[in-house]
Amino acid sequence: MIDNNETLGDLIHGFTAQGDKFTAGCETDKIKHYIAVCHSINPKKYVCTVKAWQWWDLDVGEKLAKLFASAGQTPSVIKSDYVIDDQVGRFNEGDWVRSSLLLTFHENCIFETPNTFYLLVGEGTRKSINSNLAGAMF
């Protein structure tokens, strides 16, 4: 739930601000190659290929950031407005998705979470966002 201290401006910014251009993501013609890279890293983990994505660095505070780090995670998620393909069928083409927390970022286009590789296709953006706001959006 959003804290009463959150302003309407914070909500509007969270929903509409694109963030800064982030030079990550692969070209469309490299999707098959990077899916193979994902399978070489962990053949049991599924790949969700996305475009129109944003990398959100969650503002969780120093104490929680240390807790996440001790668990091997980074307080960052991917929010995509377009799923190209999801190998396990959780999402249909054209659906939106938000990932769980980042474990590792590979090859400048593979965002690995505990259960999934998110293959980032095309250009994206990156922004910091209040973790309460990010949770309230979904």
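Helices (H or I, at least four residues) and strands (E, at least two) are DSSP runs, numbered from the N terminus. The model is predicted, so local features need pLDDT of at least 70 and side-chain atom pairs count only at pLDDT 80 or more, while totals for chains, interfaces and linings use all residues. Residues are numbered from 1 along each chain as its sequence is written, and side-chain values use heavy atoms, with hydrogens and water left out.

**View 1. Helix α3 and the glycine after it.** Helix α3 covers residues 61-70. Buried means under 20% relative accessible area, exposed over 50%, and partly exposed in between (1.4 Å probe, protein chains only). Of the ten residues of α3, the number buried is zero, so the helix lies largely in the open. Gly-72 follows α3. The phi of Gly-72 is positive, near 80°.

**View 2. One face of helix α2.** Helix α2 spans residues 31-41. Its buried residues are Ile-31, Tyr-34, Ile-35, Val-37 and Cys-38. Seen down the axis, they fall within an arc of 155° (taken from the directions from the helix axis to the C-beta atoms), so they line one face of α2. Lys-32 and Ser-40, on the other side, are exposed. The cover over the buried residues includes β2, β3, β6 (110-112) and β7. Contact here means heavy atoms within 4.5 Å.

**View 3. Two nonpolar cores.** A nonpolar core is a set of buried Ala, Val, Leu, Ile, Met, Phe, Trp, Tyr and Cys residues joined through side-chain atoms within 4.5 Å. The largest has 13 residues. Val-50, Trp-53, Trp-55, Ile-78, Phe-111 and Tyr-118 touch the most other members. Strands β2, β3 (76-86) and β7 (116-120) each supply at least two residues of this core. β2 gives the most, with four. Another core, of twelve residues, lies apart from it. Cys-26, Ile-35, Phe-117 and Val-121 are among its members.

**View 4. Cysteines without a bond.** A disulfide is a pair of cysteine sulfur atoms within 2.5 Å. By this rule the count is zero. Why is Cys-26 not bonded to Cys-109? Their sulfurs are 4.7 Å apart, too far for a bond, although the sulfur of Cys-109 is the closest cysteine sulfur to that of Cys-26. Cys-38 is in no disulfide either; its nearest cysteine sulfur, that of Cys-109, is 7.3 Å away. Cys-26 is buried, with a relative accessible area of 3%. Cys-38 is buried at 0%.

**View 5. Strand β8 and its partners.** Two strands pair if DSSP finds at least two bridges between them. Strand β1 (residues 20-22) and strand β8 (residues 124-130) pair in the antiparallel sense over three bridges. Strand β2 (residues 46-59) runs parallel to β8, joined by six bridges. Which residue of β8 is the bridge partner of Asp-20? It is Arg-126. Trp-55 also stands opposite Arg-126.

**View 6. Salt bridges.** A salt bridge is a side-chain nitrogen of Lys or Arg within 4 Å of a carboxyl oxygen of Asp or Glu. The structure holds six. Lys-21 pairs with Glu-123, with the closest N and O atoms 3.5 Å apart. Lys-21 lies in β1 and Glu-123 in the loop between β7 and β8, so this pair ties together parts that are 102 residues apart in sequence. Both residues are exposed. Arg-126 forms a salt bridge with Asp-57, at 2.7 Å between the closest N and O atoms. That pair links strand β8 to strand β2, 69 residues apart. Arg-126 is partly exposed, at 30% relative accessibility. Asp-86 and Arg-90 form another, with the closest N and O atoms 2.8 Å apart. Asp-86 is buried at 5%, whereas Arg-90 is partly exposed at 39%.
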